[in-house]
Amino acid sequence: MLKVQNLTKIYEGGVLALDNASFEVPKGQFLAVIGLSGSGKSTLLRCINRLIEPTSGKVLWNDLDITAATEEDLRQIRRKIGMVFQHFNLVHRSSVLTNVLAGRLGYVNPAWSIMNRFPKEDIEKAMKQLNRVGIAEKAHQRADELSGGQQQRVGIARALMQDPAMILADEPVASLDPVLAHSIMQYLELINKEDGVTVLCSLHFLDLVHRYAHRVVALNEGKLVFDGLPQEIDDHRFKEIYGKDAERVG
Amino acid sequence: MDKKPSIGKSIRVGLIVVLCLIVYAYGFQVTQVSFKEISSERRQESLTRVLRALAKPNLVEYEQKETVIKAPIYVPCTEEGAVLPEPDKSQPYLVLAPACADPRTEIQIEGYNFTPNSEGSLYFVPPSEVNLNLGSFKADDKGAFSVTAKVPPRPETVVQYVHAVSLQRVGSPTITQTAIDTWDKIVETIFLALLATTLGVIFSIPVSFLAARNIMKEITSPISSLSLSIIGWPVGIGLGVVLARWLSQQSQSIYANIWLTLLAIIILCVIAWYLIRWAMPQEETRKPKLSIRITRIFALGISGIIMILVVMLVAKSTMTAGTNIVSPLGAFGFLGSFLSNMGEIINLIIPIIVGLGVGALVSNFFSKIGKWIYLRFNPSLRLIANIVLSGLAGATIFIILGNIINWFYQINDPIKIFYVPAVVGALCGIALAIWARKEDAIPVGMAIYYITRTLLNATRAIEALIWVIVFVVWVGIGPFAGVLALSLHTVAALAKLYSEQVESISPGPLEAVRATGATRLQMIIYAVIPQIIPPYISFTMYRWDINVRMSTIIGFGGGGGIGFLLIQNINTMQYRAASAQMLAIAIVVALMDYLSSYMREKVV
């Protein structure tokens, strides 16, 4: 169970990115986060694992207070939270396998990992995850030789290496074409169903939300303006979330 | 759209033109530009002389045979008249007309039977046998010449002589000593640049991270932790130096003969390896019990000590082995002296490294205590702890500063160098602790960043050619001083270029690796380093290029290499020798230029 309580983030320069947002996510739920660009979706997801330090408010996860965790505890928490990014955030010059193994960094002994030594089980595990996302044969290629869809699958494999209890996906399909978008979303759905991993996924397209999400929260200028089921988003709600002049597409 | 030019604008333009004229006129005056001097005959002549010498680099020479032909002369004429023997006409001979002359009068010197087209010099030789130059001659096709010369003012009653010295090339050309020296020095120059670049790169890579804003910005530390880690450094360094000294004594007693020592090294390595493997499991999902962690730390400590001992033994055996194989290796004896030098270097720096290492460990441990204080103490207790610790840390820093100042100025007054700094430092620390709010994290990273940047800028501002003067005083004239000076400048210049590359990496991978729960060091290894390898290689090549060029002139300051020869030859006006060295420099720099651009293309 993830509890977000009165979470607020004010950036340097006074931009209010997140305004007193509160919601709860039960274990195993697929939660979509929607809203316009700049509405605070990325900030919200990054405040949960404190890649961005929230200004005030609390994030509780299984009664662990993430916002109050020390640096060391935070590392222990982060390694159970996988993250998938819009721009994949792979290390281009490293091999696919190294990128996937990087997901294990929170677990391995830092002294060994500095010498690029991973336990045999981790390497096997990495190959298994690559197999799961269907690109095992690319393991020894450089990450930037892969296409966008393949790179995002490497990103997912990296998150899976963490044995995550939760995955934060920050617009994972926004840089991909619709066909690839569905294939990536299906992997997330599979992980959610098979492994019981909680997924928080920010999305732009409502058809993806309808197809994959159990529940939706919507942000507008940092405020939580909607919290409910995907099918509850009617035209009225839509205008509330995206503004009066918005029109539905697709 | 043509606007009428206003008077004001015209005046302004006119003023600017006049101002520029004045500036340039003053520039001419200050830099002593003088075209009259350039066109003067004297200058033209010396320029011609130098350029002609430069056009003939002194690379090959012929063995030369010297033939001296003498002819007697009376200066001034004696009263009974000059009675001179008839010259032997089967040999080269000289005819003087007249055969006696007053000082400063002109005589005709004619030569016959010389080797056709040979050249030589004419001398007037008084009884003191000091050769006075009368000029030179060049024989024609038949081996004859005729030269007018002035008799020098050396009146004597006895007979004096005119010598014609002709030089003839004999045999095949040989390489001059200048060419050999130039070759020696240009090799020295290339290796000077290589060593300086290598040394510079080794040091500038870690420094470049300290000077990268995006890496350092996040490093903050609560005041208790910062204070304790500052106190930890001198304590740890002291402990480390004591430890190193003790271990060095132990290694002396262990060291027997070289084979036994090698055996000991292998056994110790195996022990250390197993201890490390046991104490650092590759992966753990949950934290082990405290007792196990303490045992592990203990095991790591022992394996650390064993490793230091091993390095000491290795250093000692390389020193002995190196010295012993110098003579059997013959021409490759330099490998032996390299080994023994490396051993000596390791021996020298091991106490420093152990000191710094233990310092870092103790400081790290202390800072963890500081963090514990920060987390567990209640606010008022924390404030008291902060004040005490920060006061102690301030006193520590100021006492160290006081000792450094004392070293420079030899004050030697315990009140001024110990008590006053201690009190002032403590007050500063206490003020900082009170001023900083209790929860505030001190931006340690940014402080280190600014200090590093300032030091780098200051070092870089002084050219290597000036640094070499300092090092010449320290290690003596020679290429080693040049290596040190160039390395220092390389560190300063490369660290800045490198750190800018670290600052311009894409932040995405860094964020992703951070999100996996990686430590800061892991983030650097997995997200930063792969991104900076290409620019690092490219900048290293660029610097290697610069260093080759710099090393050709570092000798001007006494830093060895070819510049050392060049400046000597220029100062003694041996332009033909200087020309050989300039030619060598041109060839080497061009080659290195080509090579480095080729390699950059291949690698990056």
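Biologist: Which helices of chain B each supply at least two residues of the lining of the second largest pocket?
Modeller: This is a predicted model: local features need pLDDT of at least 70, side-chain atom pairs pLDDT 80 or more, totals for chains, interfaces and linings use all residues, and side-chain values use heavy atoms, leaving out hydrogens and water. Residues are numbered from 1 along each chain's written sequence, with chains lettered from A and ligands numbered from 1 in written order. A pocket is an open set of points on a 1 Å grid where a 1.4 Å probe fits, with protein on both sides within 12 Å along at least five of seven lines, and lining residues have an atom within 4 Å of a point. Helices are DSSP runs (H or I, at least four residues) numbered from the N terminus, and the suppliers are H4 (177–210), H9 (333–376), H13 (464–475) and H14 (479–503).

Biologist: Which helix gives the largest share of that lining?
Modeller: Let's look at who contributes. Leu195(B), Leu199(B), Ile345(B), Phe480(B) and Val483(B) are the closest to the pocket's centre, out of 29 lining residues. The largest share, eleven residues, belongs to H9(B).

Biologist: Why does the second largest pocket lie between two domains, and which are they?
Modeller: An automatic or database assignment sets the domain bounds, and chain B has domain 1 (61–174), domain 2 (178–205 + 462–604) and domain 3 (233–376). The pocket lies between two of these because both give residues to its lining: domain 2 and domain 3 of chain B.

Biologist: How far apart are the C-alpha centres of domain 1 and domain 2 of chain B?
Modeller: Chain A makes a handy partner example: its domain 1 (1–43 + 54–71 + 164–239) and domain 2 (92–163) have C-alpha centres 25 Å apart. For domain 1 and domain 2 of chain B, the distance is 57 Å.

Biologist: At which residue does H9(B) bend?
Modeller: H9(B) has 44 residues and reaches 63 Å from first C-alpha to last. Its bend (the angle between axes fitted to the seven residues ending at a residue and the seven starting there) is about 40 degrees, and Pro351(B) follows within four residues of the bending residue, Ile349(B).

Technical notes:
The expected span of a helix is 1.5 Å times one less than its number of residues.
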